[in-house]
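Welcome, and take a moment to look over the sequence and the model below. We will start from a single residue and work outwards from there.

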Amino acid sequence: MNRIIDRKGFQKAIVGMMALLMVFSVSTRVSAASDTATARIAVQQKISGTESSDEIFTYRLEAEDASSPLPENQETTVDGAGQAAFDITFTQVGVYRYTLSQIPGSAEGWTYDDEVYTADVYVLRDASLENLETHVIYYNSQGEKVDPA
């Protein structure tokens, strides 16, 4: 039994299937946009010398791009030698760049860090888990990778 294929009908079927795939793709992207991921940008204060460690150190985080998300507080403090962090929530895949610097204090006998560090936050979609994940890489002012701890 020979069957004649109607070209116009075949083309309409193909166009219909493509339209359906496009609608499905768009709806998938919209639902995925509601995912969030949090990146932690760490600060560690190290102290050397003979001074007591009762000084409070202040750090500031700034976004290089005005559209980048920021934490609720853009400054944090570390009491003596210790650690602090900035937590930032992301909703979209991308690369976000931040600068991290110590705000110089005025206590006598202290030398403050004038280095400006860069933190690149990579927000990626984990296809197998269908969620967002973050990775943070730190650089000193010479562009060399540094460990946050």
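## Starting from Thr118

Leaving out residues up to four places away in sequence, Thr118 touches Arg97, Tyr98, Ile137, Tyr138 and Tyr139, where a contact means heavy atoms within 4.5 Å. This is a predicted model, in which local features need pLDDT of at least 70 and side-chain atom pairs count only at pLDDT 80 or more, while totals for chains, interfaces and linings use all residues. Residues are numbered from 1 along each chain as its sequence is written, and side-chain values use heavy atoms, with hydrogens and water left out.

Is Thr118 buried or exposed? Thr118 has a relative accessible area of 16%, so it counts as buried (buried is under 20% relative accessible area, exposed over 50%, and partly exposed in between, with a 1.4 Å probe and protein chains only). Thr118 belongs to strand β6, residues 116-126. Its bridge partner is Thr99.

## The chain and its sheet

Stepping back, the protein chain has one helix and eight strands (DSSP runs, numbered from the N terminus: H or I of at least four residues for helices, E of at least two for strands). Along the sequence they follow the pattern α-β-β-β-β-β-β-β-β. The chain has 149 residues, and 26% of them count as buried. Of the contacts with a separation of 6 or more, 57% are between residues 24 or more positions apart.

Which strands form the open sheet, and in what order? There are six, running β3-β2-β5-β6-β7-β8, with antiparallel pairing (two strands pair if DSSP finds at least two bridges between them). The edges are held by β3 (75-79) and β8 (145-146); each has a single partner strand, so one side of each is left without a neighbour in the sheet. In general, strands of a sheet pair through backbone hydrogen bonds, either parallel or antiparallel.

Two of these pairings can be followed by eye. Strands β5 and β6 are joined in the antiparallel sense by eight bridges. Strand β2 (residues 56-63) is linked to β5 (residues 94-103) by six bridges, and the two run antiparallel. A pair to look for here is Thr58, which stands opposite Ile103 in β5.

At the edge strand β8 you will find Val146. With a relative accessible area of 29%, Val146 is partly exposed. Apart from neighbours within four places in sequence, Val146 is in contact with Tyr117, Tyr138, Tyr139 and Asn140. The C-alpha atoms of Val146 and our starting residue, Thr118, are 9.6 Å apart, although 28 residues separate them along the chain.

Another residue to find is Thr91, in the loop between β4 (82-90) and β5. Thr91 has 40% relative accessibility, which makes it partly exposed. Between the C-alpha atoms of Thr91 and Ala37 the separation is 6.6 Å, with their positions 54 residues apart along the chain.

## Aromatic rings

How many aromatic pairs are there? The count comes to three, taking rings of Phe, Tyr and Trp (its six-membered ring) as paired if their centres lie within 6.5 Å, with planes under 30 degrees apart called stacked, over 60 edge-to-face and the rest tilted. One of them is the tilted pair of Phe90 and Tyr96, at 4.8 Å centre to centre and 45 degrees between the planes. Both Phe90 and Tyr96 are buried. Ring pairs also link Phe57, Trp110 and Tyr112 into a cluster.

## Two pockets

The table sets out the two pockets.

| Pocket | Volume | Lining by class |
|---|---|---|
| Largest | about 320 Å³ | nine nonpolar, four polar, four charged residues |
| Second largest | about 160 Å³ | four nonpolar, five polar, three charged residues |

A pocket here is an open set of points on a 1 Å grid over the protein atoms alone, where a 1.4 Å probe fits, with protein on both sides within 12 Å along at least five of seven lines; lining residues have an atom within 4 Å of a point. Grid points are joined across faces, edges and corners, and a volume is the space filled by probe spheres set on the points. Ala, Val, Leu, Ile, Met, Phe, Trp, Tyr, Cys and Pro count as nonpolar, Asp, Glu, Lys and Arg as charged, and the others, Gly among them, as polar.

The largest pocket is lined by 17 residues, and Gln44, Tyr59, Asp113, Tyr117 and Pro148 are the closest to its centre. Strand β1 gives the largest share of this lining, four residues. For the second largest pocket, 12 residues form the lining, with Lys46, Ile47, Ser48, Trp110 and Thr111 nearest the centre.
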